[in-house]
Amino acid sequence: MGEYLVDIKHEKLSFFTPVGEVKALNDVSIRMKEGEVLGVVGESGSGKSVTAYSLIGLTAENGKIMGGEVNFNGHRVDLMSEKEMRGIRGKEISIIFQDPMTSLNPVYTIGNQIEEAVRIHGDKSAEEARERAKELLTLVGINEPEKRLKQYPHELSGGMRQRVMIAIALACEPKLLIADEPTTALDVTIQAQILELMNDLKNKLGMGIMLITHDLGVVASMCDNIAVMYAGEIVEYGSADDIFYNPKHEYTRGLLKSIPKFQEKEYSKLVPIEGQPVDLLNPPKGCPFAPRCDSCMKICLREKPESIDFGENHYSRCWLNVKDEYSGGEKS
Amino acid sequence: MLKYIVKRILMGVLTAFIVATLTFFIMNLVPGGPFLSEKAVTPQAQAAMEAKYGLDKPLFMQYLTYMGDLLHGNMGLSIKKRGFTVTDIIGNKFPVSARLGGLAVLVAVMIGVPLGSVAAYRRGKTLDNIIIVFSTAGIAIPSFLTSTLMMYFLSVKLKLLPSLGLDSPQSYIMPVIALSLYPTCYIARLMRSSMLDVIGQDYMRTARAKGVGTFKAIFKHALRNAILPVVTYLGPLLAALMTGSFIIEKIFTIPGLGHEFVSAIPSRDYPLIMGTTIFLACFIIMMNVIVDIAYAFIDPRIKLK
Amino acid sequence: MEKKKNLLSFQLNADDFLPATADEKESLVIMRESVGFWQDGFRRFKKNKIAMTAFVIVAVIMILAFIVPLFYPYAYEQQIKGSERLGIMEYSASELDRIAAGESVFPHFLGTDQNGRDYTIRVLVGARVSMTVGIIASALILLIGSVYGAVAGYFGGNVDMVMMRIVDVLYTVPDVLIIILLAQVLKFPLQNLSKVPGFGWITALGPNMVSMFLVFALLYWVGMARIVRGQIMVLKQNEYVTAAKALGATDGRIIKKHLITNCIGTLIVTTTLQIPSSIFTESFLSFLGLGVQAPMPSLGSLASNALNGLQTYPEKLFAPAFMIFIIILSFNLLGDGLRDAFDPKMKK
């Protein structure tokens, strides 16, 4: 087993659609240690979910990994057959989805669906599975587990259902939990509860969490490291502190400016990022963010910026950093 | 639940009553009568016959008499089949049609549902294309063509199967195929499109993420969700096939209810027409209630009220 | 610091770091052209080879059924003495004499029937009758069903309750009963009506065909009404309906402008799929002798008549049978193609 739980190296992934090849991931590298919480941030279509899905083998049928490696816990996930993959899914990696309203099968009881997850991996009897299901419901903070097990998804609230989804995900005590926008579809008060629950569970069970979100506020509270994605690339990666206090990419700065800050006395205006995300069918040859970037320079339109390190655990792809260095170099 | 069923049955009785009333008046207001075609009958004899069946009374009186008898479970005597009560005729003919039709529905479901599911699961692949081609062709052949062509090749040319009646198990083969071809193909198409819809749902992704295998994902998680449109179609289908298809019964000379009913119309066998119509109406209504109940059992989100 | 600069494999100069102009940025944005609902649908439809093939076949059959009979050498009711019961491409004795005499005689591709009528033209006219019935009946069903369903679905409550119970009753009445009785009721009035100037077309169609249309209009629209009602029930929950109401739009306007427009895709598809099903019903009825009146042929009646001579002249059954099959199949495939192209639910 390698040093890392997750080690994605230069992954390229494309979707083949009737209109052409959509390059959804373009040289994405991600590393996660055991028990680490990584936040993956970006807007819709930036490739954050695709990265996570390729790790658990749930990429849509027309998606194909075109290069790089996807390692998980010592397995080359990208080379595994569907059957081998099935042995890992739900056992070593689990996932919870954005919309708890539609992610549970409406025609089976909660109990049935949790017990199924318990029994797929391992050889528990029906009774043991039921006991385990009760245990799991208690773990995710649901009262009266006996009663809940017999209920159908439509009889539970959204927050409750997301807790059930978490219970299903935890059934086999996975090493990694992928949370794909777990709070987006929930009310704000419930969002906080679910995040708190995930934080507690991480501390109790010691699993790694890959938290995918478009909301920087969500990752701030619980992530060790943060990867900012744009147009199928990781444009900046660093510790939570680096990203929040020392951002090195214009897109990250833009995201930070668009978070409301209520603590500040003076109400600073929210600054939206203008424009539309790029069309990955026709990716631009320069920096993908260039058309929307306020500090865009001539070179940004022409050449792709390479990754520049700022210490051990912080890198970014932006020509501004090169410019700073270049001009900084001239001055000194 | 019980309240709902009772309510639906009461509604059904009302519907059947309206159907009976409508049929009674339409049937009697149409020019012609049961004894007109028999030319040899003298006017006196005809009057006597009409008096015997109460046809000489004013129409509204006839209606009241009929409805009164109906309430006592008496559907009267057949005019053309002397000596038989309508209840007897239905009692004799319905089981024949019901057995044949029930068998055809069973075949249609047993073949159509798996075919459609497999096609959806293998969408875009060769197997899917084969199933699509056959099921689309299958709903383009009227059953009278299937039966005549089968009769021509299997009975007349190759002499493999008996062409008439329902006396042996083999004699069921052709009528059942003829009856079930269309519904089989229709169910396969219905199942395929609803299965495709379900496969794209989020909970199917959840099942995959749990590590559920393909077979179990399709037959446990998807099937129960995807089968609802098929169940909806089963109500009218059961009603139509089990009450007897006139065409099939005519072609294969099967003594079923469908044939009996259609022959009764031109000969104006009023009691038989009325009795069969009311029976058919009740049967259709009953099938629809059963389908609704089955629906609620399959999908817990549906509340019967 | 030095080390990192070496990573850059190309030469940099100060000009590269000048701010880019808005135009330069603009030129980089390649937007996919936006396409409208119909445009998008037609594009998808044109790409669907099966549906396009079906479309071409429907067009060819239309030409064969509606245009070719206009200048075909034989008429469908024309009885050629001495040419009864000919097989495929056969000539009667008198026709052979005429050929021997140097005259050219148009061949009977499919032979003739027991009355000496050319079978090819009968099959073509039969296809015309079946298609006419299918299309007109579907139009009637569309009109009645969609209006009825829209009204029931839009008003809901007790109106819906009563209207849907009427649908239940119509659904429960045996259709054969109504068809047979109605055909008898209408026979004489229609014959009288056809003598009134301006109603001569009734004779051309035959009273049976007119009563068949009436039966379609009376009975078979219930399926369409149910579909439209279901759609309207969903659509009327939409905000734009509330917005239109708030602006004071009348109920009629809302149904017409907002609701029907929004389920037009479903209506087109359901109607296209209704055509084969109407043709189906027509061929059943004609097969039973309840359809069009002799000498007017329909595919169903041709198939029915061919049963007696099946052993000797199987082609007399196969020809109309194949015609029915191909018409229904291509309309079904056309409908499927339209659904794939225009039903928003099918978009992937």
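Two strands pair if DSSP finds at least two bridges between them, and helices (H or I, at least four residues) and strands (E, at least two) are DSSP runs numbered from the N terminus. The views below come from a predicted model, in which local features need pLDDT of at least 70, side-chain atom pairs count only at pLDDT 80 or more, and totals for chains, interfaces and linings use all residues. Residues are numbered from 1 along each chain as its sequence is written, while chains are lettered from A and ligands numbered from 1 in the order in which they are written.

**View 1. A hairpin in chain A links β1(A) to β2(A).** The connection takes just two residues. Strands β1 (residues 6-17) and β2 (residues 20-32) of chain A run antiparallel and are joined by nine bridges. To find your way along the pair, start at Ile8(A), whose bridge partner in β2(A) is Ile30(A).

**View 2. Asp27(A) and Asn73(A) are two non-glycine residues with positive phi.** As a reminder, most residues other than glycine have a negative phi, and most peptide bonds are trans. Asp27(A) sits in strand β2 of chain A, and its phi is near 60 degrees. What does Asp27(A) count as, with 16 C-beta neighbours inside 10 Å? That number makes Asp27(A) partly exposed; the scheme calls a residue buried if 20 or more other C-beta atoms lie within 10 Å of its own, exposed if 12 or fewer, and partly exposed in between, with C-beta atoms placed from the backbone. Asn73(A) has a phi of about 50 degrees and belongs to the loop between β4 (63-72) and β5 (75-76) of chain A. Asn73(A) also counts as partly exposed, because it has 18 C-beta neighbours inside 10 Å.

**View 3. Eight strands of chain A make an open sheet with mixed pairing.** Reading across, the order is β6-β7-β8-β3-β9-β10-β12-β11. The edges are β6 (93-96) and β11 (308-309) of chain A, each pairing on one side only. At the β11(A) edge, two bridges tie that strand to β12 (residues 315-316) of chain A, and the two run antiparallel. Look for Asp309(A) here: its bridge partner in β12(A) is Tyr315(A).

**View 4. Helices α1 and α10 of chain A lie against the sheet strands.** Contact between two residues here means that their C-beta atoms, placed from the backbone, lie within 7 Å. Helix α1 (residues 48-56) of chain A packs on the sheet and touches β3 (37-41), β6, β7 (176-180), β8 (208-213) and β9 (225-230) of chain A. The direction of α1 makes about 145 degrees with that of β7(A). Helix α10 (residues 250-257) of chain A crosses β3, β9 and β10 (233-239) of chain A, at about 105 degrees to β9(A). For these angles, axes are lines fitted to C-alpha atoms, for helices over the stretch in contact, and values run from 0 to 180 degrees between N-to-C directions.

**View 5. Helix α7 of chain A has a buried side and exposed residues facing away from it.** The helix (residues 188-205) has 18 residues and reaches 26 Å from its first C-alpha to its last, close to the 26 Å expected at 1.5 Å a residue; the expected span is 1.5 Å times one less than the number of residues. Ile194(A), Leu195(A) and Met198(A) are buried in α7(A). Why are they on the same side of α7(A)? They cover an arc of only 100 degrees around the axis, the arc being that of the directions from the helix axis to the C-beta atoms. The buried residues of α7(A) pack against α6 (158-170), β7, β8 and α8 (216-222) of chain A. Turned away from the buried side are the exposed Thr189(A), Asn203(A) and Lys204(A). Just after the helix comes Gly206(A), with a positive phi of about 70 degrees.

**View 6. Chain B meets chain C through 32 residues of B and 30 of C.** On the chain B side, the elements giving two or more residues are α1 (2-29), α5 (126-138), α6 (143-157), α11 (246-251) and α13 (270-298). The largest share, seven residues, comes from α1(B). By class, this side has 26 nonpolar, six polar and no charged residues; Ala, Val, Leu, Ile, Met, Phe, Trp, Tyr, Cys and Pro count as nonpolar, Asp, Glu, Lys and Arg as charged, and the others, Gly among them, as polar. Stepping back, chain B has 13 helices and zero strands, and chain C has 16 helices and zero strands.
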